[in-house]
Amino acid sequence: MRLTLFTLLICVCASAQPTRYSAYTTSDDGVQIVYDVQGDGAVAIVLVHGWSCDRTYWSGQSAALAKKYKVVAIDLAGHGGSGIQRK
């Protein structure tokens, strides 16, 4: 009984953590685009940085918004971890 209860508590605590991961996709012209996803909300908010920035520009806002929404922050081509070789 003790082991089962302990295992259940670990599963409940682990599932309480919001989703957070980094990934990439490829644009139509072959450039790798990197993005971060945080949160599990039914509504998604996409954060796009301005000139001379990258997706880390939104780190403070992403953490707060991820409590209620799914937040996607991307690196535009030529910025951060995304590729620079546009065709």
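Select Asp75 first: in this predicted model, Asp75 has a relative accessibility of 0% and counts as buried. Asp75 sits in the segment after S4. Keep it on display and add Arg55. The two side chains form a salt bridge, with the closest N and O atoms 2.3 Å apart. Arg55 belongs to the loop between S3 and H2, so this pair ties together parts that are 20 residues apart in sequence.

Stay on Arg55. Is Arg55 buried or exposed? Its relative accessible area is 17%, and because the cut-off for buried is under 20%, Arg55 is classed as buried.

Next, add Asp36. Here Arg55 takes part in another salt bridge, at 3.0 Å from N to O. Asp36 lies in strand S2, while the loop that holds Arg55 runs between strand S3 (44–48) and helix H2 (59–65). The parts tied together by this pair are 19 residues apart in sequence. Asp36 has a relative accessibility of 23% and counts as partly exposed, whereas Asp75 is buried at 0%.

With Asp36, Arg55 and Asp75 shown at once, a single network is in view, joined by salt bridges that share partners.

How many salt bridges does the structure hold? There are 3. To see one that has not been visited yet, select Asp29 and Arg86, whose closest N and O atoms are 2.9 Å apart. This pair links distant parts of the chain, 57 residues apart. Asp29 is in the loop between strand S1 (20–26) and strand S2 (32–38), and Arg86 is in the segment after strand S4 (70–74). Colour Asp29 by accessibility: at 21% relative accessible area, Asp29 is partly exposed.

The last stop leaves the charged pairs. Switch to a surface view and select Val46, Val48 and Leu76. Together they make a nonpolar surface patch of about 230 Å². To place one member of the patch, pick Val48, which is found in strand S3. Val48 has a relative accessible area of 43%, so it is partly exposed. The cut-off for patch residues is over 30% relative accessible area, and Val48 meets it at 43%.

To finish, return to Arg55 and show both of its partners again: Asp36 at 3.0 Å and Asp75 at 2.3 Å.

Notes
Residues are numbered from 1 along each chain as its sequence is written. This is a predicted model: local features need pLDDT of at least 70, side-chain atom pairs count only at pLDDT 80 or more; totals for chains, interfaces and linings use all residues. Side-chain values use heavy atoms; hydrogens and water are left out. A salt bridge is a side-chain nitrogen of Lys or Arg within 4 Å of a carboxyl oxygen of Asp or Glu. Helices (H or I, at least four residues) and strands (E, at least two) are DSSP runs, numbered from the N terminus. Buried means under 20% relative accessible area, exposed over 50%, partly exposed in between (1.4 Å probe, protein chains only). Patches are made of residues with over 30% relative accessible area and no salt bridge: like charges are joined within 9 Å, nonpolar side chains (Val, Leu, Ile, Met, Phe, Trp, Tyr) within 5 Å. Accessible areas come from the Shrake-Rupley method with a 1.4 Å probe; for residues, only the protein chains shown count as cover.
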